[in-house]
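Here are some worked exercises to try with the model open in your viewer. Have a go at each task before you read its solution.

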Amino acid sequence: MESIRKSFPGVVALDDVDLEVRPGEVHVLLGENGAGKSTLMKVLSGSLRKDAGQIHVDGAPVEIQGPRHAQQLGIRIIYQELNLVPPLSAAANIFLGREPGRWGVLDRRAAEREAARLLGELGVTVDVTRPVRELGIAHQQMVEVAKALSEEGRILIMDEPTSALTTAEIDQLFATIERLRARGTSIIYISHRLEEVARIGDRVTVMRDGRRVTTRPARTTPIPELVRLMADREVGEHFPRRRGAPGDELLRVEHLTRGERLRDVSFVLRRGEIVGITGLLGAGRTELARAIVGAEPPASGRVVVKGRAVAVRRPKDALALGLGLVPEDRKTQGLVLGLSVERNVALPNTRRLSAWGIVRAAAESALAARWVRDMRIKTPSLAQPARLLSGGNQQKVVLGKWLAADVDVLIVDEPTRGIDVPAKVEIYDLMNRLTAEGKGIVMISSELPEVLGMSDRVLVMRGGAVVAERESTRTTQAEVLAFALGQAC
Amino acid sequence: MLTGAAAGRRARELGTLVGLVALAMLLSILTPHFLSVSNLLNVAEQTSINAVIAVGMTFVILSGGIDLSVGSLLALSGVVLAAALRAGWPTAAALAAGLAVGGLSGLVNGILITKGRLPAFIATLGMMSIARGTALVFTGGRPISGFEAGFRKLSTAALLGVPAPVVVTVLVYVLGHLLLTRTRFGRYVYAIGGNEEATRLSGVSAAFHKTMVYVLSGVASGLAAALLTARLNSAQPIAGINYELDAIAATVIGGTSLSGGVGTLHGTLVGALIMGVLRNGLNLLGTSSFFQQIVIGVVIITAVLVDSMLKPAAK
């Protein structure tokens, strides 16, 4: 792949990226969340079209038309979320869409025989007649690999295949990868586990902010060096955080626990303070946010708001206590897309805007108009459906509804994801204003410069637990990333 | 200024109304009797049962759900009302009992859907069968007939020449419209149907309001039962079969989206009238009832087809 470019509205996701994969090579792709690895792989596997650049397969230039075309070229992708049909057997899954048989009558025996042979080649024995949902994750992954091989996959992309596996299962997967490599299959391996780089990889390419940083031999590049390569960033964006002395305690979270996803998390938020929370995907950040506001109440632990221990069992309780959540996905969780800007801003405020259950329409419009003006939300009218606004303006509507509700604590989950730089800066300015007014903000973000630039303190999560807490001005991106990756010395 | 989407929605509403008017004009040409005052009142009266049920159905569908139990709830409410009247209860008490049976059954639907996390389709499908069975067991399968003139006024009385069932229907639509457009409950119904999770995260008790929507639908069925029982002077345990389909049809012909969040009650009223006018007109023309079913099916499909074709244009 040469000079691949891809941009989304407001963001350049891939900027002149080169990637070369040799036959029989395990090529590891490293980078933080949002570095562009997944976008690059989606371009290669045909689910996204590139804006510019060249792709060569076996030396010949190709223009990949779509997933189907990529498959014909022998490019296979195994996503983190497996693409199997759970109630069907392993054999049926492997041959889905290409069932052996004659005149539409399935030859199930042939499919099962062939499936067993493919899986046998991978060194696993699986009952191919059992529904795949009854198999462990590792075996399901083997079924995916077998499926890819049965379709003559020559380039296999594996997106964080080990994230859900136990040590023994990882060993099994790696043995499979070795066997595939020996057969000449090329593998592009995306992982966050740095110790896997030297163990399985031949070469490693590090990506950052949509660019390729470097490609190195995998076995001889030390882990601290990889961390440095992933974290170093040019100082391009600036973060206008104005810090002040924090005031009284607003929110205290004690020992929040919910299964494996959230383990014994405690922290304190004071007036005028922004606490940043970062970590890799699946580190438990979003679970923490949802537990605090009662969207998914914690199994144990407690929340103390302004000195009072409270039970937050549902978001309604959180609102009454002055806690608001700006969720990570504004389209599916933040907004009612089909409703107008006015109705969306009014939604958490409807109780306040009504008497005897009847909404005072004039007050509702006035409230929405005030916040649209105050936040400079660009919309042709208050009646505009939220769906038709740009990402940045949509995010401002989500923020606006909580500001209109005058919450004291705002929990923002990836507040600037997918919005352009001017809108980002506006949102940062707004956060400054809120803290200057004595409110407190919990900011969850994957973007290290943003977390360190905008927060006063930063908590790093890993495996559902907080593994480090630092003053934002006294730590570095490399240190935070090392904690997030579990590589801190 | 209307935005594109709002204009599209307005065009759709107007379209249904134009359809109704065109249908009426066509029928008045084909059969002179159609436009007579007595026939129009007759249409309105016949439409009232379906129209009242469709009010509840509109709330349910707007919230993103479905209520298949309304026809059976009508039968159950009707026989309870009738039994209470026959047992000598005052008319008001008997009416309240009928409405309460509908409301309580709706409450059970709502709790099964919100607390039990059942799909609305399944919960109300079960209730459809349970309520029907209960009505049959309660009556031994026999109708309960013969009521005092006081109760029958619900069918026989008239206000300025307008039959009582029509007056009741108009009242129900006015109240329903105010509930939907002016109250917090109405706001939440649209929001829940549009995006339940976002609504819940905005501090709204989505479960409570969803439950109330089914209660409302049950009460509407109970009211329709009273109208039907008064008109027939009889309550039948097998009344209301397939009424859920008529109510759903009126709602979607009226422009309410089956996926929730979009729609109006006046649309539903026009939808119910289109179905009523169509049945009446085909009867006047002497068309067989077999053929009527085909025509109504075509109308339902056409209305929704127009919807889906208007959608990209509205974007």
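## Exercise 1: a hairpin and its sheet

In the hairpin of strand 11 and strand 12 of chain A, 2 residues lie between the strands, and D209(A) there takes a positive phi near 50°. Before going on, note that this is a predicted model, in which local features need pLDDT of at least 70, side-chain atom pairs count only at pLDDT 80 or more, and totals for chains, interfaces and linings use all residues. Residues are numbered from 1 along each chain as its sequence is written, while chains are lettered from A and ligands numbered from 1 in the order in which they are written.

Task: find which strands pair with strand 11 of chain A, and in which sense.

Solution. Helices (H or I, at least four residues) and strands (E, at least two) are DSSP runs, numbered from the N terminus. Two strands pair if DSSP finds at least two bridges between them.

- Step 1: strand 12 (residues 211-217) of chain A runs antiparallel to strand 11 of chain A, and 6 bridges join them. Here R203(A) stands opposite P217(A).
- Step 2: strand 3 (residues 26-30) of chain A pairs with strand 11 of chain A in the parallel sense, over 4 bridges. L29(A) stands opposite T205(A), and L30(A) opposite V206(A).
- Step 3: now widen the view. The open sheet has 6 strands in the order 6-9-10-3-11-12 (chain A), with mixed pairing. Strand 6 (75-78) and strand 12 of chain A stand at the edges with a single partner strand each, so one side of each is left without a neighbour in the sheet. On average, neighbouring strands of this sheet are turned by 20° against each other, direction ignored; such angles run from 0 to 180 degrees between N-to-C directions, with axes fitted to C-alpha atoms, for helices over the stretch in contact.
- Step 4: add the cover. Helix 6 (residues 167-182) of chain A packs on the sheet, touching strand 3, strand 9 and strand 10 (186-190) of chain A, and its direction makes about 145° with that of strand 10 of chain A. Helix 5 (residues 137-150) of chain A lies across strand 6 and strand 9 (155-159) of chain A, at about 170° to strand 6 of chain A.
- Step 5: check burial. A residue is buried if 20 or more other C-beta atoms lie within 10 Å of its own, exposed if 12 or fewer, and partly exposed in between, with C-beta atoms placed from the backbone. In strand 11 (residues 203-208) of chain A, 5 of the 6 residues are buried.

## Exercise 2: the two sides of a helix

Task: work out which residues of helix 13 of chain A are buried and which exposed residues its other face carries.

Solution.

- Step 1: helix 13 (residues 361-374) of chain A has 14 residues and reaches 20 Å from its first C-alpha to its last, close to the 20 Å expected at 1.5 Å a residue. That expected span is 1.5 Å times one less than the number of residues.
- Step 2: E364(A), L367(A), A368(A), W371(A) and V372(A) are buried. Seen down the helix axis, they fall within an arc of 130°, so they line one face; the arc is that of the directions from the axis to the C-beta atoms.
- Step 3: the face turned away carries the exposed residues A362(A), A366(A) and R373(A).
- Step 4: the buried residues pack against helix 12 (341-346), strand 20 (358-359) and helix 14 (391-404) of chain A. Just after helix 13 of chain A, R376(A) takes a positive phi of about 50°.

## Exercise 3: where the chains meet

Task: find which element of chain B gives the largest share of the side that touches chain A.

Solution.

- Step 1: count contacts, meaning C-beta atoms, placed from the backbone, within 7 Å. On this basis 24 residues of chain B are in contact with 31 residues of chain A.
- Step 2: the elements of chain B giving two or more residues to this side are helix 1 (4-30), helix 8 (184-194) and helix 9 (196-201).
- Step 3: helix 8 of chain B supplies the largest share, 6 residues.

Terms used: Contact = placed C-beta atoms within 7 Å.
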